[in-house]
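Hi,

As promised, I am passing the structure on to you. Please have it open while you read the notes underneath.

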Amino acid sequence: MNIRMQSVRPEDAEFLYRIMNDQAIRDALDETPTQPGDWVDAIAAWEDDPDEEVYIILDENTPVGWLGINGLASEGKVAYIKMIGLFPQYQNKGIGTWALRQALEMLRARGFAAAALFTNQRNLRAQGCYRKCGFQITEKFVEKRANGKLVARCKMECVF
Ligand SMILES: CC(C)(COP(=O)(O)OP(=O)(O)OC[C@H]1O[C@@H](n2cnc3c(N)ncnc32)[C@H](O)[C@@H]1OP(=O)(O)O)[C@@H](O)C(=O)NCCC(=O)NCCS
């Protein structure tokens with residue numbers, strides 16, 4: 001494997017549509033189905049938004065996952081990992097940890113004070129990845145998700 005990350009491009013819309021309609025990914029994220037055009041629109045919106053950056057995670061030239069950051073324009077210099085997802089066959093191989101460490105290193109170099117994210121309390125694999133990168137649980141709460149489910153969630157924070 002030769003894992004790398006690059007900024008999202010308009011031609012990545014088809015990949016984002018595929019990964020975000022994968023049943024296992026949708027279940028992990030409590031997301032509802034989307035249409036290809038939703039991702040064309042999302043990429044165009046991100047391009048114009050100084051608060052957000054999105055990266056595609058590739059193995060050589062094959063896209064295997066994605067990572068999104070927001071809060072980049074926040075006054076408090078706390079960025080949020082709004083999304084990290086890998087196709088199931090690429091999970092649990094250290095790729096998420098590698099990609100998140102790249103993102104955290106970039107944020108630290110740009111003067112951010114901390115990073116934060118939200119995840120499901122039952123998502124122990126994601127929490128394992130986040131702990132290895134320096135995140136700790138700082139809040140627990142219940143939230144209604146896009147698919148209508150009430151889900152036990154937690155906030156995790158990593159202070160640089
Ligand atoms: C979450 C995700 C990005 C993590 O990336 P990953 O590459 O799978 O994670 P890594 O392999 O880098 O690290 C996972 C760690 O958790 C550990 N882990 C896995 N399952 C676990 C479990 N059930 N309980 C405790 N720890 C677990 C692993 O052993 C590993 O730690 P180790 O390397 O010390 O053994 C990826 O699994 C994913 O895309 N999941 C589906 C989408 C999702 O849940 N996204 C996050 C939403 S907040």
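Below is what I found, beginning with the ligand and moving on to the strands. Please keep in mind that this is a predicted model.

**Around the ligand**

The ligand is surrounded by 21 residues, and those that come nearest are Gln 91, Gly 96, Thr 97, Leu 124 and Gly 128. Two or more residues of this shell come from each of α2 (23–29), β4 (78–86), α4 (95–109) and α5 (124–132). The biggest share belongs to α5, which gives 6 residues. By type, the shell holds 9 nonpolar, 9 polar and 3 charged residues.

**The β6–β7 hairpin**

Strand β6 covers residues 136–144, and of its 9 residues the number that are buried is 0, so this strand is hardly covered. Its partner is β7 (residues 150–159); the two run antiparallel and are joined by 8 bridges. Within this pairing, Glu 139 of β6 stands opposite Lys 155 in β7. The hairpin has 5 residues between the strands, and there Gly 148 takes a positive phi near 90 degrees.

**Thr 62**

Is Thr 62 buried or exposed? Thr 62 counts as exposed because it has 12 C-beta neighbours inside 10 Å, and the cut-off for exposed is 12 or fewer. This residue is found in strand β3 (residues 62–70). Its C-alpha atom is separated by 31 Å from that of Glu 157, with the two residues 95 apart along the chain.

Happy to go through any of this with you.

Best wishes

Methods. Residues are numbered from 1 along each chain as its sequence is written. This is a predicted model: local features need pLDDT of at least 70, side-chain atom pairs count only at pLDDT 80 or more; totals for chains, interfaces and linings use all residues. A residue is buried if 20 or more other C-beta atoms lie within 10 Å of its own, exposed if 12 or fewer, and partly exposed in between; C-beta atoms are placed from the backbone. Helices (H or I, at least four residues) and strands (E, at least two) are DSSP runs, numbered from the N terminus. Two strands pair if DSSP finds at least two bridges between them. A residue is near a molecule or strand if its C-beta atom, placed from the backbone, lies within 6 Å of it. Ala, Val, Leu, Ile, Met, Phe, Trp, Tyr, Cys and Pro count as nonpolar, Asp, Glu, Lys and Arg as charged, and the others, Gly among them, as polar.
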